[in-house]
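This report describes a structure for a reader who is meeting it for the first time. The sequence and the coordinates are shown below, followed by the overall features of each chain and then by some individual residues.

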Amino acid sequence: MQKGYFGDFGGRFAPELLMPPLLELEEAMERIMAGEPFQRELTDLLTHFVGRPTALYHCANLSRELGFGLWLKREDLAHTGAHKINNTVGQALLAKHMGKTRLVAETGAGQHGVATATAAALLGLECIVYMGAEDVVRQAHNVQRMELLGATVRPVDSGSRTLKDAINAAMRHWIAEQGNTHYCLGSAVGPHPFPLLVRELQAVIGREALDQFQRRVGRLPEQVVACVGGGSNAIGMFHAFVPHAQVTLIGVEAAGDGSPGCCHSATLSTGTTGVLHGTMTKLLQTVEGQILASHSLAPGLDYPGVGPEHAHLQALGRAQYVCVTDDQALAGFMRLARTEGILPALESSHALAYALKLAGTLPRNANVVVCLSGRGDKDLEIVRQALLKREG
Amino acid sequence: MSTSHLTDKITNALAQGRKAVMPYLPAGYPTKEAFWKHIADLDAAGADIIEIGIPFSDPVADGPVVEQAALCCLKQNVTLAWILEELTRRRPTIQAGIVLMGYMNPFLQYGMDKLARDAARAGANGLIIADLPLEESDGPRKLLQEHGVDLIPLVGLNSSPERLRAHAEKATGFVYFVSVMGTTGVRETLPEQLQDALTQAKQIFPIPLALGFGLHAPSQLQGVESVVDGVVMGSALIRHIDSTGTVGDFLAPWISSQ
Ligand SMILES: Cc1ncc(COP(=O)(O)O)c(C=O)c1O
């Protein structure tokens, strides 16, 4: 396989000026990250700072209602409330070993921005976060968190003023400043080696889940389900299960309001192959190759591209990608809150909503593990307004 | 004479005791009609090579001026197909060499093979793909070369001698040296280390070397004149058109001062 590719997808379609830092990062992954001392330090941080391993929770109430075993991998219990911290602690530690003094990051909903600001504060690195001007307004609460953690938030006013434009801005920043700066990319997207780096750092989710499940149940689950924005929690959850062909892997994308032609975020389900942000993958785009704006109730799923490894797993048929609408996700959010006492992130609610749809289709002894990628506190305002709209 | 029309264009300018002048304008800017008028005017004013920007929604190598211009073109439904069609029709009246400069995705969606054929038919002499580094360039380069279209590499201040040599082995036409560590957009001054970096690149590349990004006045070339064969002006030209509505004598200082 060609370097940096997953089958036909991936690669590094980045400006020539970004190749030196990309090669430097690739080299650091091999030389530093693969080494014993780094791994020991990372494990220590994941254990004592992030709070790993996160619980694998058996939803007894919901399982009774659904007629099969429903389990949640509780990434919402990780520090800062989502899986994003696994990636940022790892990248920040790597950056520090590389002698970098500053992290630059993009953020959509603000979760990755908060996780980057957190890791930067912990490890004594400066932190600049680019955020679409739309999102700065929509997610004001996370802007405040980042600033309290000492990060500088830079609103991005160009293009659609959302996540994809924040990534453009962060890449431009990295072109201009690379000596002292590491680009802490927030999902399994971007030019090689980022999809690999982010997968390596998120794979702890699936490794733990597989181990926990086997200890508790003594075999493997039938299905593993995760939501897919850029694809980092999903690839982290899937990776350990990929070699176990009997486990069905389901990635859940956001279908927005579900109307045909609605600007949704279901890249793998409805997109076409192209190049965005340095990688060959499935994209929401026009036939002329212009990138379309995406939309989802879940800000973290609002991205017109997807990690190249998911495009590959889809092409291989190893993972299946399905869609869930805003309304279904919202219903999933409410049901988990009322039945199990957990407020899930709206992103994670998409994965959950898919599992809920499986009621009646699986044997009683079947087990489904859902990656609950984050907690819902960040989404209270969006949920409040959506409920008002539904009632009104 | 070399086998590359672009190399010849630059060599001719040098033979006249000046640097090749290479204006850049996004296709369809500021309007579809005005754009072709501006191209004709740039050609008449003595441009040696004209770079036609292919608008893309997410231009990561560009600064705000070029990005705004590209988005303005997209609003008018400028497509690669339209650009190639119009160019085919107008090419016989244009003296300058023509380079298409854009990003991978619109080229990819058009189809690299079809693009190589149609670009050649339209009289484009070269292609610059801002997000196509050395590692990914072999496939597109081969397709383009089969149709006599040069794939122009971009290199910069952080390109190692090894990378420069690897580019030099493959490149035809000319090499585009990015003057700053950053995106397109006018700069007051160019970095100090530029002179040494250009001297090194000049020694490594057998083909002409053009300097671009940040240029707005010939005085910026002080100290690097001897190692630069051509100059590219983009954001400065866009700004000039924004404020005067015409190309006017934008190129004059670059052509006469040398
Ligand atoms: C809680 C949560 N889940 C999922 C995502 C989607 O990202 P990814 O697909 O990279 O896991 C986000 C992104 O912000 C998030 O905050």
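A helix here is a DSSP run of type H or I with at least four residues, and helices are numbered from the N terminus. By that definition, N233(A) has its place in helix α11 of chain A, which covers residues 232-238. The model is a predicted one.

## The two chains

Chain A has 16 helices and 14 strands. The radius of gyration of chain A is 19 Å, close to the 21 Å that the globule rule gives for 392 residues, so chain A is as compact as a globular protein of that length. Chain B comes to eleven helices and nine strands. For chain B the radius of gyration is 17 Å, close to the 18 Å given by the globule rule for 258 residues, so this chain too is as compact as a globular protein of its length.

The table sets out further values for each chain.

| Chain | Box of C-alpha atoms along the principal axes | Buried residues | Accessible surface |
|---|---|---|---|
| Chain A | roughly 55 × 50 × 40 Å | 66% of 392 residues | about 13600 Å² |
| Chain B | roughly 45 × 40 × 35 Å | 62% of 258 residues | about 9600 Å² |

Carbon and sulfur atoms supply 53% of the exposed area of chain A. In chain B, 51% of the accessible surface belongs to carbon and sulfur atoms.

Contacts can also be sorted by separation in sequence. In chain A, among contacts with a separation of 6 or more, 74% are between residues 24 or more positions apart. In chain B, 72% of the contacts between residues at least 6 apart join residues at least 24 apart.

Chain A carries 34 positive and 37 negative side chains, and the centres of these two sets lie 5 Å apart. Chain B has 20 positive and 28 negative charges, whose mean positions are 5 Å apart.

## Helix α1 of chain B

Helix α1 of chain B runs over residues 5-15. Which of its residues are buried? They are L6(B), T7(B), D8(B), K9(B), I10(B) and A13(B). An α-helix has 3.6 residues a turn, so residues three or four places apart point the same way. The buried residues of α1(B) pack against five strands of chain B: β1 (20-26), β2 (49-53), β3 (97-102), β4 (126-129) and β5 (150-151).

Both ends of this helix can be described. At the N-terminal end, S4(B) acts as a cap, with a side-chain oxygen 3.2 Å from the backbone nitrogen of L6(B). After the helix comes G17(B), which has a positive phi, near 75 degrees.

## Residues in the helices of chain A

N233(A), in helix α11, has a relative accessibility of 4% and therefore counts as buried, since the cut-off for buried is under 20%. Leaving out residues up to four places away in sequence, N233(A) touches H83(A), I205(A), A226(A), C227(A), C371(A) and S373(A).

H310(A) belongs to helix α13, residues 308-316. With a relative accessible area of 1%, H310(A) is buried. Where does the side chain of H310(A) reach? It comes to 2.9 Å from the backbone oxygen of G231(A). Apart from neighbours within four places in sequence, the contacts of H310(A) are V228(A), G230(A), G231(A), A234(A), I235(A), F238(A), L268(A) and Y321(A).

L330(A) is found in helix α14, residues 326-340, and is buried at a relative accessible area of 1%. L330(A) and A386(A) are 56 residues apart in sequence, while their C-alpha atoms are 8.2 Å apart in space. A386(A) is also one of the residues that L330(A) touches; the others, not counting residues up to four places away in sequence, are L297(A), L346(A), V383(A), L387(A) and R390(A).

Is T270(A) buried or partly exposed? Its relative accessible area is 48%, which makes it partly exposed. T270(A) lies in helix α12, residues 267-270. The side chain of T270(A) reaches the backbone oxygen of A266(A) at 2.8 Å. Beyond its neighbours within four places in sequence, T270(A) is in contact with H264(A) and L284(A). The C-alpha atoms of T270(A) and L283(A) are separated by 8.5 Å, and the two residues are 13 apart along the chain.

Technical notes: Residues numbered from 1 in each chain as written. Chains lettered and ligands numbered in written order. Predicted model: local features only at pLDDT ≥ 70, side-chain atom pairs only at ≥ 80, totals over all residues. Heavy atoms only, no water. Buried < 20%, exposed > 50% of the residue type's maximum accessible area, 1.4 Å probe, protein only. Helix = DSSP H or I, 4+ residues; strand = E, 2+ residues; numbered from the N terminus. Contact = heavy atoms within 4.5 Å. Polar contact = N/O pair within 3.5 Å; in protein donor to acceptor, adjacent residues only side chain to side chain. Rg over C-alpha atoms; globule rule 2.2 N^0.38 Å. Areas by Shrake-Rupley, 256 points an atom, 1.4 Å probe, with all protein chains shown as cover. Lys, Arg positive; Asp, Glu negative; His and termini not counted. Charge placed at Lys NZ, Arg CZ, Asp CG, Glu CD.
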